[in-house]
Each structure stands twice: as C-alpha cells, then as structure tokens.
Amino acid sequence: MTDIAPSADALHALVEGSGAINVGSHAIEVHGLEKHYGDYHALRDINLTIPSGSLTALLGPSGSGKSTLLRAIAGLEVPDGGTVIIGGSDVTYVPPQEREIGFVFQHYAAFKHMTVRDNVGFGPSIRKQPKAEIAKRVDELLEIVGLGGYQERYPSQLSGGQRQRMALARALAVHPKVLLLDEPFGALDAKVRDDLRQWLRQLQSETGVTTVLVTHDQEEALDVADHIAVLNEGRIEQWGSPREVYETPANTFVMSFLGPTAKLRGELVRPHDLVLSKRQIDDAVPVTVERVVHLGFEVRVELRDGESTDLSAQITRGEASRLELAVGDQIYVRPGLHVDPVAPDSAQPAPGLEKTSA
Ligand SMILES: Nc1ncnc2c1ncn2[C@@H]1O[C@H](COP(=O)(O)OP(=O)(O)OP(=O)(O)O)[C@@H](O)[C@H]1O
Ligand SMILES: [Mg+2]
C-alpha cells in the first residue's frame with residue numbers, strides 16, 4: 001500500500017456522510033458519435049456503453065481520438081452526429097457545466113495564482129455554494145487525496161504527483177456523476193504513476209463513481225480498468241474486459257497494441273506463448289538461437305529462422321536452464337496451444353459493440 005492511500009474511513013465519509021458522490025445509476029451511453037475537424041474524420045460511428053460505477057479505459061495511440069471522445073462525453077466538443085446519454089438523460093447538447101461531471105485534463109491546468117484550497121473549491125464557489133460548506137468539503141477532499149495540510153500552498157509548491165491529486169480533488173469537488181480523466185498521470189515518472197494508479201483504483205471502487213480514464217499506456221489500462229475500449233483512427237476496434245482484449249484480440253491492431261508480438265509463419269503470437277524445444281516436434285519451425293537475455297524471472301530468447309526473420313520468445317528462467325540454450329544452437333519453435341494465434345488479415349467484429357455501419 002502506498003503512503004497516499006485514502007483511508008477507508010475518509011472514503012466512507014465521502015460517500016455516506018456528505019453525500020459527496022452520487023450513487024444511483026450513472027451509466028454513459030454513446031451512440032453513433034461522429035466528429036470532423038474540417039476534412040479530418042476524428043470520431044467514426046462510436047458506439048459504447050460505460051456501465052454505472054465502472055472504470056473504463058479509452059486506450060489507443062496518439063491521435064486515435066481518445067481525448068476527442070472524452071471531451072464529447074464532457075460536452076467540451078459538440079459532435080457532428082450521434083448522442084451522448086449520461087444517467088439516462090440525453091446530454092448531447094447540454095453544456096458541460098450542467099452535466100455533473102468532474103474532468104481532469106491531459107495537460108495539467110491549475111490556477112497558478114490561487115492556493116490549493118481555492119483551486120479545489122473553485123467549482124463549488126462559482127456555483128455559489130455557502131463558504132463554510134465549501135471549506136469543509138475542500139478539507140475532506142484534500143484529506144482523501146493525501147494533501148491534508150496543503151491548503152495554503154500554491155500549485156508551484158507541489159510535486160507533479162501532488163498537483164495531479166489536487167486536480168482530482170478539484171474534479172471531485174463538484175459532486176460529479178461521472179469522473180473523466182484524460183491521461184491524468186501521463187507526465188509523471190513510472191513509480192509515482194504506479195502508486196497513483198493503485199490509489200485511483202481504490203478511490204474509484206470505494207466511491208463507485210463512473211470513471212472514464214484515457215491512456216495510451218496498455219499496462220495502465222490492463223492494470224486498473226474493468227473494461228477497455230481500444231481506439232484506432234477514430235474507431236473503436238474492440239471493447240471488453242482486460243483479459244478479453246488481451247487474450248482474444250479482435251484483430252492484429254489490438255493484438256499488437258496490447259503487448260509484444262512475434263511473427264511465426266505469418267501469424268502473430270505473444271512471445272510468451274512460444275514453445276521452444278531441442279527436438280523436432282510436430283510442425284515446429286527450425287530456428288537458430290541468436291541471443292539469450294536474462295531479465296530476472298523471464299528470459300528473452302532471440303531467434304532467427306531460415307528466412308532470416310528475427311523473433312523473440314519469452315520463457316521462464318527454469319525453462320531456459322532446462323533447455324541449456326547456447327548461442328548458435330539449432331532449436332524448434334511453435335505457438336503454445338492455449339491461445340489462438342491471430343492471422344494478420346483476420347478482422348473479426350469487436351465483441352461487446354453494437355453493429356456498426358461500415
Ligand atoms: N481542435 C482540433 N482541430 C483540428 N484537429 C484536431 C483538433 N483536436 C484534435 N484534432 C485531431 O483529431 C485527432 C484525434 O485527436 P485526439 O486529441 O482526440 O487524439 P488522442 O487520441 O487524444 O491523442 P494523444 O494520445 O496524442 O493525446 C488528431 O489527429 C488530432 O490532430
Ligand atoms: Mg489526448
């Protein structure tokens with residue numbers, strides 16, 4: 001557990017006591033969403049249901065439309081077509097401030113001249129809530145995000161991770177129905193990112209606020225999300241649980257984006273699904289060992305086949321010592337039996353999605 005973990009008591013108070021987070025059904029539905037920027041088609045027939053109380057990740061490469069989709073859900077972009085429904089109400093043309101959302105921006109935005117207290121209390125204060133109530137709420141939220149006692153500091157006096165937690169407190173201050181996070185930890189180093197990820201996961205599961213997290217980091221999505229929507233060029237390629245998208249990718253894009261791949265006889269497989277042997281078995285492919293790299297528990301074996309194609313296999317340390325692999329060895333490789341390889345030209349429909357027009 002990290003030192004920034006919210007206490008169970010604090011979270012309980014947030015949900016039960018102050019009625020801070022709305023309970024009830026706050027699913028998000030997106031139907032046939034379209035967005036153009038001039039000639040550029042940024043969102044193409046997006047259909048997606050984000051269950052109430054879940055944490056859904058929008059995962060995809062840079063430029064795939066993640067922020068555009070999140071901003072359309074928030075009301076910060078007006079779509080050219082389609083609808084956005086939050087908690088059963090059509091909000092497609094409702095302005096953002098009336099959608100009861102909390103938003104954390106991709107590029108960190110704080111009021112530099114305001115203290116942490118005033119930054120976090122900004123939303124409630126423009127909504128003209130009583131000062132005493134705002135002060136109480138701000139203190140509560142800062143406690144929850146691990147910034148109790150930081151009220152009078154300025155954003156420039158916080159670390160990157162602390163600033164992002166302040167941004168989260170600010171997003172939660174307005175009693176949001178849904179929490180929309182655009183790469184909230186993008187600029188932070190790996191360790192802080194990982195801590196904040198676990199922290200967000202705990203905050204989310206205990207408050208039950210419907211959360212959409214944009215990320216281009218597959219590990220982050222696999223780690224925290226209940227569901228992942230994989231975006232590419234303005235389309236959703238697949239929607240499913242982390243396991244579904246990882247283990248049964250709908251196509252080569254999803255397969256390649258979610259983890260390392262190796263190509264064997266024209267088929268994509270995961271390096272850890274390759275089986276190595278010293279004897280010829282079935283239709284295994286003969287290869288030469290080029291390099292053996294020990295990476296702690298795992299061993300990466302770099303191989304070259306007869307057509308001079310390189311491929312890497314990932315095996316355990318035990319397996320590597322059993323095989324006694326040496327550079328230059330002639331061995332055999334085949335895909336493991338527990339996962340179906342994906343043929344490069346197979347593009348099955350994405351499970352979990354409504355039928356979309358081509
Ligand atoms: N205001 C705009 N005007 C013109 N084009 C835009 C605008 N906003 C986004 N785009 C284009 O739409 C596409 C999708 O952008 P978007 O910001 O949604 O991508 P993203 O998936 O969030 O990428 P990143 O991971 O880099 O943040 C990009 O090609 C981008 O250049
Ligand atoms: Mg973006």
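Two exercises with worked solutions follow, one on a ligand shell and one on a strand.

The model is predicted, so that local features need pLDDT of at least 70 and side-chain atom pairs count only at pLDDT 80 or more, while totals for chains, interfaces and linings use all residues. Residues are numbered from 1 along each chain as its sequence is written, and chains are lettered from A and ligands numbered from 1 in the order in which they are written.

**Exercise 1.** Determine which helix gives the most to the shell around ligand 1.

*Solution.* Begin with the shell, in which a residue counts if its C-beta atom, placed from the backbone, lies within 6 Å of the ligand: 13 residues surround ligand 1, and Tyr 37, Ser 62, Lys 66, Ser 67 and Thr 68 are the closest. Next, assign elements, taking helices (H or I, at least four residues) and strands (E, at least two) as DSSP runs numbered from the N terminus; strand 2 (40-50) and helix 2 (66-74) each supply at least two residues. Helix 2, with three residues, gives the most.

**Exercise 2.** Establish how strand 8 pairs with strand 3 and strand 7, parallel or antiparallel.

*Solution.* Two strands pair if DSSP finds at least two bridges between them. Strand 3 (residues 55-59) meets this with five bridges to strand 8 in the parallel sense, and Leu 55 stands opposite Thr 211. Strand 7 (residues 178-182) also runs parallel to strand 8, joined to it by five bridges, with Leu 181 as the bridge partner of Leu 213.
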